[in-house]
Amino acid sequence: MTGLGDRFLGLGLLVLAVAYGWVAQQWPEPFGGAETVGPETFPTILAVVLAAGSIYLMVKPDPDAQWPLGRTALELVVSLVVLVVYALLLEPLGFVISTTLAVGLLSWRMGAPVRSAFLTGLSSAVVVFVLFNFGLSLNLPAGLLEVN
Amino acid sequence: METLGFLIEGFAVALTPYNLMFALFGAFAGTLIGCLPGLGPANGVAILIPLAFALGLPPETAMILLTSVYAGAMYGGRISSILLNIPGDEPAMMTCLDGYPMAQKGRAADALAISAIASFSGGLIGTIGLIMLAPVLAKFALSFGPAEYFALFLLAFATLGGITGKNPMKTVIAATLGIMISTVGIDISTGTQRYTFGVLELYEGIDFILAIVGLFAISELLFFVESRIGGGRKKMNVGKLTLTFKEILTTIPTQLRGGVLGFISGVLPGAGASLGSFISYTLEKQVLGKKGHFGEGDIRGVVAPEAGNNGASSGALVPMLTLGVPGSGTTAVLLAMLISLNITPGPLMFTQNADIVWGVIAALLIGNVLLLLLNIPLVGFFVRLLSVPPMYLLPIVTMVAFVGIYSISNSTFDLYFMVAFGAVGYFLRKLEVPVVPIILGLLLGPEMEKNLGHALVLSDGDWSVLWASTLAKSFWLVAGLSLVLPYVVGPMLRRRMNAAMKESPVSD
């Protein structure tokens, strides 16, 4: 069966549309009585439009895209994990350390040699940190490197 | 004459040293963004928004910065078209046709110089058109009621895919998703909590800046990771400038035609810069048919599309500034900046925020001159940037995006949201669902709901008010046509654009 990607997307969106529309019907009537346009009117219209669109997708899907498999898919997941961990560690570790790690890891995984990848990470981190904290007086967390 | 007075006031705003500095920086950064691999104009402007916001720039300065970046990116896109036969962004596609053959004949320097000149005149013509047309359109738009606005927003979504768009239904879906995201938070008119699920951070809604940066920048990183084209390109030699003054003079008619056509297609909904450069190129080919040698490195084949796409980029600002309805990805991002500066775009902006509007317009004129001055001597520097490997560049760009988002609120909560938007953006782009309508939906959603509400209150709940007036009717009609036409005309136009690409003997 072709167009599997679009069919799955359509199914997912249909579920979303129904859930979104259903939630909208649960809101209590606003204080002061119901009017023609309540908080639920617009979302209800949107839910109907989205449902129609998703059904169309399932009935008439486009040809499938080439999805990454195996190693490439893994690389993508790794990149996403790096980004999430970067956000997680930004404050505890401080900007310079976490940025060196994140930019270094990403460059390395995109094909740069390890050394130059982490050097790029470190230098860009220091430049941006100095520029932001001293040049533009925006505070980036110093974290472990904080000197009081 | 009134316009001229405003324009002079605009120059007074744009020529202050502070704003001039930002215009220069923007023009420079924009060209950089345009020629760096993997960074389009929408991308570049998106990353700079949080920074402009976090720096607390005054509104006119922030807008001047971003419009200069926008104009600069259009200049920069041509460099890789000419030298590498790889368009830096979509509108620069047509420049490959004659630019690359010129470069192969050893006239790369000439091609770069003449395209800078053509970009300048295209931009200039476009800006003059903007100055003449915008106030008129703004005055006309004052007569719009809520029902007209509601229909106009629908029109904006329907035309966003453009007549060359592939699957209009996916545009509709994307726009709906965007509007749905915009309904999260406390409803302005009734105070009802919508889709907050009790999460405090969601009460104020989802910040569209997060969505923009995530959908553009983070998903771009993922695409590069997937395609593994991390390595740089080989260094290019530009050669010596042999362009004569006479040669420049002979291209003037081409520049004028290209600029005007580009401007018109920029203003029209659904056409945009890509079509602008395509039309200018094809027309030029027809006008000069036998006298030219198009596809083999004709200098006018470089001039026409460049004048066209720069004219179109100024033209695209007309609907954005006067109606608050952007027609392209980059202008949508500019609109996001305006909204986050608490400026309501639309006709009232011309009276209430005249200094900003005219400052921006004057900055466009100044920016064009700056760009011309920057581009001819610095072209060697920009050319060297082409060989910066994306494997270093994209992680750094991602980091800058993180920094920008983080400095707006100083909280990491927003960062997770941005990464999530990036992942969603990757999947949607993979499935050929365009992300620009999502952003436009996020931006226009609240306005759309407000206008719907007003229209229905005025009509006492009669829904037919939405298509009662002639103007509203014609908006609905054009919107409907724009959704149907791609099925009819789209395949044909796309085939012709592809055919034009293949005709050139050197394209690979």
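The following paragraphs describe the contact between chains A and B and several helices, loops and buried residues of chain B in a predicted model.

The contact between the two chains takes 50 residues from chain A and 47 residues from chain B. On the side of chain A that touches chain B, the elements giving two or more residues are helix H1 (4–25), helix H2 (41–59), helix H3 (70–93), helix H4 (95–109) and helix H5 (114–135) of chain A. Among these, H3(A) provides the largest share, with 11 residues. In terms of residue class, this side of chain A has 34 nonpolar, 11 polar and five charged residues. The domain assignment of chain A gives domain 1, covering 4–59, and domain 2, covering 70–145, and the C-alpha centres of these two domains of chain A lie 39 Å apart.

On chain B, one residue that touches chain A is Thr176(B), which lies in helix H8 (residues 168–182) of chain B. When residues up to four places away in sequence are not counted, Thr176(B) touches Leu46(A), Val49(A), Leu50(A) and Gly53(A), as well as Gly441(B) of its own chain. Thr176(B) has 28 other C-beta atoms within 10 Å and is therefore buried. The C-alpha atoms of Thr176(B) and Leu442(B) are separated by 9.1 Å, although the two residues are 266 residues apart along the chain.

Leu442(B) also takes part in a helix pair within chain B, where Phe208(B), Ala211(B), Ile212(B) and Leu215(B) in H9(B) meet Ile438(B), Ile439(B), Leu442(B) and Leu443(B) in H20(B). The residues of this contact divide into eight nonpolar, no polar and no charged. The axes of helix H9 (residues 208–227) and helix H20 (residues 436–458) of chain B come within 10 Å and cross at roughly 175 degrees; because angles over 145 degrees count as roughly antiparallel, H9(B) and H20(B) are roughly antiparallel to each other.

Within helix H9 of chain B, Leu215(B) is buried, with 27 other C-beta atoms within 10 Å. Leaving aside neighbours within four places in sequence, Leu215(B) is in contact with Phe421(B), Gly425(B), Val435(B), Ile438(B) and Ile439(B). By contrast with these contacts, Leu215(B) and Asp110(B), which are 105 residues apart in sequence, are 37 Å apart in space, C-alpha to C-alpha. Gly425(B), one of the residues in contact with Leu215(B), is found in helix H19 of chain B and is likewise buried, with 25 other C-beta atoms within 10 Å. With neighbours within four places in sequence again left aside, the contacts of Gly425(B) are with Gly214(B), Leu215(B), Ile218(B), Ser219(B) and Val435(B). Val435(B) is thus listed for Leu215(B) and also for Gly425(B). Gly425(B) and Pro319(B) are 106 residues apart in sequence, and their C-alpha atoms are 26 Å apart in space.

Two further helices of chain B were examined for length and burial. Helix H13 (residues 299–315) of chain B has 17 residues and reaches 24 Å from its first C-alpha to its last, close to the 24 Å expected at 1.5 Å a residue. Since 17 of the 17 residues of H13(B) are buried, this helix is largely enclosed by the rest of the structure. For helix H18 (residues 390–409) of chain B, the 20 residues should span 28 Å at 1.5 Å a residue, and the end C-alpha atoms are 29 Å apart, which agrees. H18(B) is mostly covered, with 16 of its 20 residues buried.

Positive phi values were also found in chain B. Most residues other than glycine have a negative phi. H18(B) is followed by Asn410(B), whose phi is positive, near 55 degrees. Asn342(B), placed in the loop between helix H15 (329–340) and helix H16 (349–352) of chain B, has a phi near 70 degrees, a positive value in a residue other than glycine. Asn342(B) has 7 other C-beta atoms within 10 Å and is therefore exposed. In the loop between helix H19 (413–430) and H20 of chain B lies Glu432(B), whose phi is near 65 degrees, again a positive value in a residue other than glycine. Glu432(B) is partly exposed, with 15 other C-beta atoms within 10 Å.

How values were computed
Residues numbered from 1 in each chain as written. Chains lettered and ligands numbered in written order. Predicted model: local features only at pLDDT ≥ 70, side-chain atom pairs only at ≥ 80, totals over all residues. Contact = placed C-beta atoms within 7 Å. Helix = DSSP H or I, 4+ residues; strand = E, 2+ residues; numbered from the N terminus. Nonpolar A, V, L, I, M, F, W, Y, C, P; charged D, E, K, R; others polar. Domains from an automatic or database assignment. Axes fitted to C-alpha atoms, helices over the stretch in contact; angles between N-to-C directions. Parallel < 35°, antiparallel > 145°, perpendicular 65-115°, else oblique. Expected span 1.5 Å × (residues − 1). Buried ≥ 20, exposed ≤ 12 C-beta atoms within 10 Å, placed from the backbone.
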